[in-house]
Amino acid sequence: MDIEAPGEAKELPKIHRLDESVVNRIAAGEVIQRPVSAVKELVENSLDASSTSISVVVKDGGLKLIQVSDDGHGIRHEDLPILCERHTTSKLSKYEDLQSIKSMGFRGEALASMTYVGHVTVTTITKGQLHGYRVSYRDGMMEHEPKACAAVKGTQIMVENLFYNMIARRKTLQNSADDYTKIVDLLSRFAIHYIDVSFSCRKHGAARADVHSVATSSRLDAIRSVYGLSVARNLIKIEASDNDPSSSVFEMDGFISNSNYVVKKTTMVLFINDRLVECTALKRALEIVYSATLPKASKPFIYMSIILPPEHVDVNVHPTKREVSLLNQEVIIEKIQSVVESMLRNSNESRTFQEQTVESSPSVPSITNNESHLNPSPSGSKSQKVPVHKMVRTDSSDPAGRLHAYLYKKPQNHLEMNSSLTAVRSSVRQRRNLRETADLTSIQELINDIDSKCHSGLLDIVRQCTYVGMADDVFALLQHNTHLYLANVVNLSKELMYQQVLRRFAHFNAIQLSESAPLQELLMLALKEEELDLECNENDDLKMKIAEMNTQLLKQKAEMLEEYFCIFIDSDGNLSRLPILLDQYTPDMDRVPEFLLCLGNDVDWEDEKNCFQSLAAALGNFYAMHPPLLPHPSGEGLEFYRKRKHGKNPQDVGKSSCDIGDDIEIEDEFEHKLLSEAETAWGQREWSIQHVLFPSMRLFLKPPTSMAVNGTFVRVASLEKLYRIFERC
Ligand code: ADP
Ligand code: MG
């Protein structure tokens, strides 16, 4: 540390008053951050002046020229001298007016700011005048007396050489070519909200306008003319409102894109009380709904207008009024989120339905009773720990596999080599239709089952709770109102995944395995593991046979598994793709063998609905957030890793016999690896529970009534478990 020599102490900084022009320039830089902010202020002024036509011309991304012309009420001659002074406005006179302000401007800062960072010229004419006036401004002041000139109705404001006196900013902006794009984007947004105003925007000297909207009474028409047909034809109208002063008061209406609309970037046009604003929380909330509800990971197009009592909106939180803060923001967002979710889901379903009615398809052959004798071993039980050979279905030796047979009826006669393309097409269509007809009713019934069994009290807990942390390997601690609950994350995630399979049925995104995995080997692995668990001994030949039969069975079902469940098995019997049930989540791959065995053993391949249900359950169990197979590397769990270090683990004796002679350090390294593997696995699981499971449950889970009594939710009566959490920390 330096020690200052006496007498060398620096003089204390002196406080002085800033020159007003400096203050104004600093403030101007805040309000007018870039050309697009100037355009926004000018267009808002035109809208405040009741214009019905607004046109914008831009040169050099706005740095050379921004010109906004309107047909509004104009500016009175006597107001021109103070027009561009700071804090001069016609929209507000006392502070209380702010509470109910309807106009977009009120601070009287925009025009003033522009004169500090650019050259502003105003031409205006008011009603009943024979001529207009033109006057230029600099640093808030008129440069000369207003000059009489010919003018058309309204006001034209020209800003030239923006940031001429802010070299750094001008340089940065000159390098970024996207300001014109931003201006076009801004006007497009205004154009679809203010549909009774016509907007145009073009580059200086260009004949064609890049935004051109005419006043209309239809919002959809406006969207079509601005954003194009591809957007407009894929929109769903949405509405929501609430009028309960104790929770929220709002009205919302808008349009959102449906599942046919596939783009990579979200467009969210949001107006709150007719002001163009941004609300990141709402945008994010809606993106989550899209990514979780729709099959293709598409980003949405959203136009939304929200009307709130003016006193519920604080418009004065941001100098450019871009961000607003709302009363009861969370409640409003949640309500809008759930409306969007249900509209999307309905649109998804009705789309499939419409497609079916367009083309008539042969009705699905139903499974008749006399067929059921072919497979006399339906296993109602879901328990997995039954010796495999007792659970092998007669189905597995029946290559016809009935569900498969009727879903994939071969087109009968016209698939010869020389058949025309149309014939092939129509048969493909027929096949598709068959499948869609097949999936609709049974899947719909299963989804209806979920809805009808939903427990409203638990639903409330799931939606409103706060995740506190993991209490042990299986239970999470939640807070709901003033209560604490322990919730079994394995059960909850299993149910959530099951429900997701049914909701995303036939519309999954895929997880591609880095290497395709041979079913036969995986099944052998699973059988061996089961043997260890059950302590029964079957010879390897029998296991091989079972694995082979199951592989055959799954290969037969491959087409259906792929089409409906995105489980891809190639003709050589390798697994290479699995479905995504929740974005940002991949299941524990250590459980693949068990899952495959479960497909062979637990899935009912006979009846369509049972088949889909048991498949969804098998996937649910596989994707559930089970504790990792490696024990938690803390407390007693740590022993697992230490034991191996001393070579005392009896299971290790065989394995390590070939290592005799290796020095101890290699063993140490191996332990260290295993330990860090365990740490990563547990860490990842905890992250997923907090950041994927709970947010997704809040959105999608319909907890079944059974969860209220089967120990999935336990109200914490003692603090004992709580204590354990702290012990862990
Ligand atoms: P604010 O909009 O916050 O009042 P501005 O600096 O943007 O502040 O504008 C100052 C005033 O100039 C406005 O209150 C309005 O009376 C007048 N004005 C600006 N632009 C227009 C316009 N295009 N037509 C009519 N009046 C305008
Ligand atoms: Mg203004």
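1. Let's start with the lining of the largest pocket, keeping in mind that this is a predicted model. Seven elements each put at least two residues into that lining: the helices α2 (35-48), α5 (179-193), α6 (219-227) and α8 (280-293), plus the strands β9 (211-212), β12 (267-272) and β13 (275-277). The largest share comes from α5, which supplies seven residues.

2. As for the pocket itself, its space comes to about 1000 Å³. There are 33 lining residues, and the closest to the centre are K182, D185, L186, R189 and E278. If you care about the chemistry of the lining, it divides into twelve charged, eleven nonpolar and ten polar residues.

3. Where does the largest pocket lie with respect to domain 1 and domain 2? It lies between them, because domain 1 (20-213) and domain 2 (234-347) both give residues to its lining.

4. On to the aromatics. The structure holds 13 aromatic pairs. One of them is Y467 with F694: the ring centres are 4.9 Å apart and the planes make an angle of 40 degrees, so this pair counts as tilted. For tilted, the angle has to fall between the cut-offs of 30 and 60 degrees. The two partners come from distant parts of the chain, with Y467 in strand β17 (residues 466-470), F694 in helix α23 (residues 664-700), and 227 residues separating them.

5. Are Y467 and F694 buried or exposed? Y467 is buried, as its relative accessible area is 14%, and F694 counts as buried too, with a relative accessibility of 1%. The cut-off behind both calls is under 20%.

6. A second contact involving α23's stretch of sequence is worth a look in your viewer. V462 and M697 sit 235 residues apart in sequence, yet their C-alpha atoms are 6.6 Å apart in space. V462 belongs to helix α14 (residues 456-464) and is buried, at 2% relative accessible area.

7. G600 gives another contact of this kind. Its partner is L523, 77 residues away in sequence and 9.5 Å away in space, C-alpha to C-alpha. G600 is part of helix α19 (residues 592-602), and with a relative accessible area of 2% G600 is buried.

8. Back to rings for a moment. F190, Y194, F199 and F271 make up one aromatic cluster. You will also find charges placed over rings: K237 lies over the face of F255, 5.2 Å from the ring centre, and R577 has its charged end over the ring of F568, at 4.5 Å from the centre.

9. Two backbone angles to check if you set up a calculation from this model. Which sign does phi take at D139? It is positive, near 45 degrees, in a residue other than glycine. D139 is in the loop between β4 (132-138) and β5 (141-142), and its relative accessibility of 34% makes D139 partly exposed.

10. N161 is the other residue to check. Its phi is also positive, near 50 degrees, and again the residue is not a glycine. N161 sits in the loop that runs between β7 (154-160) and α4 (167-175). With a relative accessibility of 26%, N161 counts as partly exposed.

Methods:
Residues numbered from 1 in each chain as written. Chains lettered and ligands numbered in written order. Predicted model: local features only at pLDDT ≥ 70, side-chain atom pairs only at ≥ 80, totals over all residues. Heavy atoms only, no water. Phe/Tyr/Trp six-rings, centres within 6.5 Å; stacked < 30°, edge-to-face > 60°. Helix = DSSP H or I, 4+ residues; strand = E, 2+ residues; numbered from the N terminus. Buried < 20%, exposed > 50% of the residue type's maximum accessible area, 1.4 Å probe, protein only. Lys NZ or Arg CZ within 6 Å of the ring centre and 35° of its normal. 1 Å grid on protein atoms, 1.4 Å probe; cavity = no way out; pocket = protein on both sides within 12 Å on 5 of 7 lines; lining within 4 Å. Points joined across faces, edges and corners; volume = space filled by probe spheres on them. Nonpolar A, V, L, I, M, F, W, Y, C, P; charged D, E, K, R; others polar. Domains from an automatic or database assignment.
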